[in-house]
Amino acid sequence: MAIRWRSVTRAAAVTAAATGVLALSAAPAAVFSQSWGSGSYHASKDFVPSSGTIRIGGKGCTGGAARSFYVQLVRTRDSSKVFSSYSYGTDGRRHTDPRGIGVSTGTSYYLRWYGKDNGGNDASAPCASAYTA
């Protein structure tokens with residue numbers, strides 16, 4: 001019986017040939033993640049993606065002036081914004097932007113987290129996080 005291992009964005013697939021097929025897979029997990037305390041703006045550490053397509057997301061905790069947040073992907077080399085997520089409510093839950101972002105696997109990036117009030121002004125949340133998926 002031959003077994004072939006294949007890694008797909010931190011999900012594993014096992015295929016057993018000859019007598020049948022067995023498939024095991026796990027949901028894709030966050031590749032990079034960072035959390036912060038209170039604030040209206042946060043910038044993550046640099047990271048290098050292991051895949052050519054990633055998604056970004058974040059979380060904002062309730063209890064502060066921020067009513068929404070968004071996350072940006074920024075190329076470290078020239079600090080240029082590559083992508084901005086949709087805006088999500090600061091409800092304490094993780095929100096992942098569904099759109100895939102094409103990135104270079106040998107290039108360093110970082111994430112920016114922005115908290116906003118209902119008027120679109122900078123506003124603080126008691127905790128925040130940003131991640132890639």
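**Entry 1: F69 and its strand**

I looked first at F69, and I found that this residue stands opposite Y88 in strand β9. The model I am reading is a predicted one, and I keep that in mind for every entry below. Strand β7 covers residues 68–75, and I noted that 2 bridges join β7 to β9, residues 88–89, with the two strands running antiparallel.

I then asked myself how many residues of β7 are buried. I counted 6 of the 8 as buried, so I wrote down that the strand is largely enclosed by the rest of the structure.

**Entry 2: the other partners of β7**

Next I followed β7 to strand β12, residues 109–116, and saw that they pair in the antiparallel sense over 8 bridges. As one example from this pairing, I traced L73 across to its bridge partner in β12, which is L111.

I also looked up strand β8, residues 80–84, which is joined to β7 by 4 bridges and runs antiparallel to β7. Here I picked out V74, whose bridge partner in β8 is K81. Between β7 and β8 there are 4 residues, and the two strands form a hairpin; in the turn I noticed S79, which has a positive phi of about 55°.

**Entry 3: rings between β7 and β12**

I turned to the aromatic rings and found that the structure holds 6 aromatic pairs. One of them brings me back to F69, which forms a stacked pair with W113, at 5.8 Å centre to centre and with 15° between the planes. This pair links distant parts of the chain, since F69 belongs to strand β7 and W113 to strand β12, 44 residues apart. Are F69 and W113 buried or exposed? I found both F69 and W113 to be buried.

I then checked Y70 and Y114, whose ring centres are 4.9 Å apart and whose planes meet at 15°, so this pair is stacked. Y70 lies in β7 and Y114 in β12, so the pair ties together parts of the chain that are 44 residues apart in sequence. For Y114 I recorded a relative accessible area of 15%, and because the cut-off for buried is under 20%, I listed Y114 as buried.

**Entry 4: other rings**

Away from these pairs, I looked for ring clusters and found that ring pairs link F32, F47 and Y109 into one.

Finally, I looked at which residues lie over the faces of Y131 and Y86. R94 lies over the face of Y131, at 3.7 Å from the ring centre, while R99 lies over the face of Y86, at 3.8 Å from the ring centre.

Key. Residues are numbered from 1 along each chain as its sequence is written. This is a predicted model: local features need pLDDT of at least 70, side-chain atom pairs count only at pLDDT 80 or more; totals for chains, interfaces and linings use all residues. Side-chain values use heavy atoms; hydrogens and water are left out. Buried means under 20% relative accessible area, exposed over 50%, partly exposed in between (1.4 Å probe, protein chains only). Two strands pair if DSSP finds at least two bridges between them. Rings of Phe, Tyr and Trp (its six-membered ring) pair if their centres lie within 6.5 Å; planes under 30 degrees apart count as stacked, over 60 as edge-to-face and the rest as tilted. A charge sits over a ring if NZ of Lys or CZ of Arg is within 6 Å of the ring centre and within 35 degrees of the ring normal.
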